Every structure is written in structure tokens, then in C-alpha cells.
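Colleague: I am new to this structure and would like a close look at a single part of it, with the surroundings added afterwards. Please take me through one strand and its partners slowly.

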Amino acid sequence: MSQGFVSFVEVKQAVTMEAVLTRYGFFENLSRKGKNLAGLCPFCKGRSVRQFQVNPVKNAWYCFGCKAGGNILDFVAKHEGVSVRTAALKLNSWFELGLAEEAERPSAPSAPAETPKVAEEPPLATEETLPAENPPLTFTLKTLDPNHAELAALGIGTETIERFGAGYCAKGLMKGRLAIPIHSSRGELLAYAGLAVGEGETPRYLFPPKFHPALEVFNLHRLMEVPEETGPLHLAPEIEGVLRLAEEGVASALGLFDGSLSPKQEEALVGALSLYEGFLLVGEEFHDRTVARLARYATVRWVSDLSPQPATGISA
Ligand SMILES: [Zn+2]
């Protein structure tokens, strides 16, 4: 068996996602969704026909269920269970690209491939103790009031509050707060966040004791319902920012929980990014480390709000 290399860049330029999906017999099962194509995921076998999406312009794919995504090489590597290098060789052969195999990568200044080399940082101690995922919630809060007078202090419209399934909670752990449902990327209800309503009330957010925000990205499951994706992926530092972006008409916004970014959140965001053109961070509460980590993958623009103003430009 050949142990050579072919140029990843040339393979990606020569083969489309459509061609790869057609070869596997998946393409005919996809349907158009805005500028993307959507269908069942060939990997996680989820049930949503919007879960797996392909952006033909970027020649990229992403699954909201398994939170995996990337280019044609990543797809073939995942499907075949091989390395990206072997995937490139397979594509070269399947599509008769005739790309010359190199016996060895030129050992000259080790030019890393196009995937950005990520400096490994030791995980934070708390992350090691996290479970693999948050279990689905076994109940729903049925008496949330999206119209409650106390909510006026937040300045978020009733329509937006309703759209997120949120409402004023009159009893229990979230009493006196805006309870906002949090879902997994597959759309399962996991928890309610309790957002303080009054000015200066602390803590700003309450989460159930066994829920781990670091395992989730807020609003990720709605991204697959957005009719059309164009431009950057909007990201807010916490949940409230996502509701405020929805008020501004940005449906495809995602949210972190306290401005920080866990490895799991990073993975989910970078996967979803394959459908978008860079990140637009909206809000001031992002940790510097969050911005720096995201900037390794794509262009990051950071603004304090969406009103016209000079952006704090940061790019990869
Ligand atoms: Zn999947």
C-alpha cells in the first residue's frame, strides 16, 4: 500500500462535497435549505432531516447531532475511519485526480497543513470532572408567564421571550426570574436558566445544581432551523445576548454562558462555523481567552453591540 502524500489543497479544489456525497449515495437524500443542503446525518443516524447540512459554496459540511463537520477530507476520513492523509489518497484514486504522490512531506520548514495547528493547553481542572453530557430534563415548567409585568425591566419583547419558550417563573428554584429553556444540539430540553430580572440582582443567572453549562452552546439546536445562513456566525457571551440579538432580527445567534469557552463549546462552535463566514462576537463580556481561541480558526470580529460603530477588529 502506498504511504505517500498528496496535496490536501489540490484535492479539496478538485472534488466537491456533492461529488463525494454522490459517490456514497447520500446526495440524492439531501434537500435544499436556503443556500445549504440538508438531510439525515450519515454518521449519527439522527432523525432530523435538517441535522446534517452542506454548504456548497464553502464545500463544507456540519452535523448538529454529532457536532462534527469540516471539508471533503474530514468527511471521507470520518466515513472510512482513516486519517486525513489516507482520505486524500483515496480521493485521488476514486476521482482519478492524477495528483503526484510524494514519498515524504518535504522536511523543509514544516509547513503545517491547512488545519490550523492548535497549541495544546492543559484542560482546566474543573473540566476533567465534567460528565460526558447533560441528561435530558424529565419535566417542563408549565406555568411560565412571558407577559409578566416584572419582565418589562429586561427590555426584551414578549414575542422574543415566547419564541425561546421562556417566561417569568413564580415558584421554585427560579422564582422571580425569567426561566429560559436550554436544549442540547439535538433539541432535547436539558435545563432552565434563571435570568435575574431586576437591575443589579445577583447572581445574574441561576442554573440547576447538576446542570453543566460548559457542555452546551445555547441555541445551537435552532441553528438548523434557520432558513438561510449567510455571513458570520453571531455569538453572544451569555444567554441574554442571544435573546437581544433575536430582537434585532438575528436568528442564527449562539450563546455561551459566562463569556468563557470550554473545549466542548469550542468544538461545537468550530463545527458550526463550517456553514458560516467567520465569527461575529457581540457583547463585552467575552473572556480574552475565548476570543483568542476562536481567532485561531477563522476571522473574528468583536463588537459591543450591533449598532453601527467601528468594530474591534481581530483576525486569525
Ligand atoms: Zn451526525
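Modeller: Let us begin with one pair of residues in this predicted model: Leu280 has Arg301 as its bridge partner in β13. That contact belongs to a longer pairing, since β12 and β13 run in the parallel sense and are joined over four bridges. β12 also has a partner in strand β10, which covers residues 233-236, and here too the pairing is parallel, this time over three bridges. Within that second pairing, the residue that stands opposite Leu281 of β12 is Leu235.

The side chains of β12 itself, which spans residues 279-282, can be sorted by the way they point. Phe279 and Leu281 point one way from the strand, whereas Leu280 and Val282 point the other way, and all of these residues are buried. Leu280, whose bridge partner is Arg301, and Leu281, which stands opposite Leu235, therefore belong to opposite-pointing sets, and each of the two is buried, which here means under 20% relative accessible area.

From β13, which covers residues 300-303, the chain goes on into a loop that leads to β14 (312-314), and Asp305 is placed in this loop. Asp305 is one of the residues of a negative surface patch, together with Glu159, Glu162, Glu247, Glu248, Glu284, Glu285. Asp305 has a relative accessible area of 35%, and so it counts as partly exposed.

Some loops elsewhere in the chain also deserve a careful look, because of their backbone geometry or their cover, as the values for Asn219 and its 4% relative accessibility, which counts as buried, show. Asn219 is not a glycine, yet its phi is positive, near 80°, and its place is in the loop between β9 and α7 (220-223). Glu96 likewise has a positive phi, of about 45°, without being a glycine, and this residue is found in the loop that links α4 (84-94) with α5 (125-128). Glu96 has a relative accessibility of 72% and therefore counts as exposed, whereas Asn219, at 4%, counts as buried.

One further feature of the backbone concerns a peptide bond: Thr202 and Pro203 are joined in the cis form, with omega about -10°. Pro203 lies in the loop that runs between β8 (189-196) and β9 (205-206).

Conventions: Residues are numbered from 1 along each chain as its sequence is written. This is a predicted model: local features need pLDDT of at least 70, side-chain atom pairs count only at pLDDT 80 or more; totals for chains, interfaces and linings use all residues. Side-chain values use heavy atoms; hydrogens and water are left out. Buried means under 20% relative accessible area, exposed over 50%, partly exposed in between (1.4 Å probe, protein chains only). Patches are made of residues with over 30% relative accessible area and no salt bridge: like charges are joined within 9 Å, nonpolar side chains (Val, Leu, Ile, Met, Phe, Trp, Tyr) within 5 Å. Accessible areas come from the Shrake-Rupley method with a 1.4 Å probe; for residues, only the protein chains shown count as cover. A salt bridge is a side-chain nitrogen of Lys or Arg within 4 Å of a carboxyl oxygen of Asp or Glu. Lys and Arg count as positive and Asp and Glu as negative; His and the chain ends are not counted. The place of a charge is taken as NZ of Lys, CZ of Arg, CG of Asp or CD of Glu. Two strands pair if DSSP finds at least two bridges between them.
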